[in-house]
Amino acid sequence: GFFTICYQLFDERQDSKHIKLRLDQVAQTNAQLADEMRMKIKNYGVLSKIKTIRHKISGHRDRNRTPQQVTKDEHLTANEVKEVLLFVQDIVSTLVEALGGEKKSAVMQKMSACENSARDSAFQVLQTLAKSLRDASGI
């Protein structure tokens, strides 16, 4: 899911809503910012790994490779995944402010709160699963 969502955010097809569309809107009032953001996205090399992984796992499934093998083939690290998350948050929050929405800092705070909530929920699920496994095995 992570790879599909990241891919869709930066997709440039005309039939999808994506960051490129929002950059075109920003360019109407702030061409310099739009150009800077386009260059930032273009020069962000990890996105090519994300695109390749998305294509090989779900878009154009390579049935000879497991998702784990595809990810390993692309040498994507945990740090890069976190870096991508922060990159997307930066781009999205900048766009929100540039399009007349909330301040970038407020958007970043909300995204951080959502991330923390999701992490806490996942941790609770894992704890419940671990307890169920212990109870089932009699340990």
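This is a short tour of a predicted model, with suggestions for what to select at each stop.

**Stop 1: the cysteines**

Start by selecting C6 and C114. How many disulfides are there in the whole structure? A search finds 0. C6 is in no disulfide, and its nearest cysteine sulfur, that of C114, is 16 Å away. Turn to C114 and the picture is matched: C114 is in no disulfide either, with the sulfur of C6 as the nearest cysteine sulfur, at 16 Å. A disulfide needs two cysteine sulfur atoms within 2.5 Å.

Now show the surface. Is C6 buried or exposed? C6 has a relative accessibility of 6%, so C6 counts as buried. C114, in contrast, counts as exposed because its relative accessibility is 54%.

**Stop 2: the loop before α6**

Next, select H75, which lies in the loop between α5 (67–73) and α6. Look at its backbone here: phi of H75 is near 55°, a positive value in a residue other than glycine. As background, most residues other than glycine have a negative phi. With the surface still on, you can also check the accessibility of H75: its relative accessible area is 60%, so H75 is exposed.

**Stop 3: T94 in α6**

Follow the chain into helix α6, residues 78–98, and select T94. T94 has a relative accessible area of 16%, which is under the 20% cut-off, so T94 is buried.

Which backbone oxygen does the side chain of T94 reach? Show the backbone of D90: the side chain of T94 reaches its oxygen at 2.7 Å. Then display L33, M37 and K104, which are in contact with T94 once its neighbours within four places in sequence are left aside.

**Stop 4: where α6 meets α7**

K104 is a handy link to the last stop, since helix α7 covers residues 104–137. Color α6 and α7 separately and view the pair. Two packed helices are described by the angle between their axes and the distance between the axes. For α6 and α7, the angle is about 140° and the axes are 8 Å apart. An angle over 145 degrees would count as roughly antiparallel; α6 and α7 are therefore oblique to each other. The crossing of α6 past α7 is right-handed.

To see the side chains where the helices meet, select K82, L85, Q89, D90, S93, T94, V96 and E97 on the α6 side. On the α7 side, pick K104, V107, M108, M111 and E115. Both D90 and T94 from the previous stop are among the α6 residues here.

How values were computed:
Residues are numbered from 1 along each chain as its sequence is written. This is a predicted model: local features need pLDDT of at least 70, side-chain atom pairs count only at pLDDT 80 or more; totals for chains, interfaces and linings use all residues. Side-chain values use heavy atoms; hydrogens and water are left out. Buried means under 20% relative accessible area, exposed over 50%, partly exposed in between (1.4 Å probe, protein chains only). Helices (H or I, at least four residues) and strands (E, at least two) are DSSP runs, numbered from the N terminus. A polar contact is a pair of N or O atoms within 3.5 Å; within protein, one must be able to donate a hydrogen and the other to accept it, and residues adjacent in sequence count only if both atoms are side-chain atoms. Contact means heavy atoms within 4.5 Å. Axes are lines fitted to C-alpha atoms, for helices over the stretch in contact, and angles run from 0 to 180 degrees between N-to-C directions. Angles under 35 degrees count as roughly parallel, over 145 as roughly antiparallel, 65 to 115 as roughly perpendicular and the rest as oblique. A crossing is left-handed if the near helix is turned anticlockwise from the far one by less than a right angle, and right-handed if clockwise.
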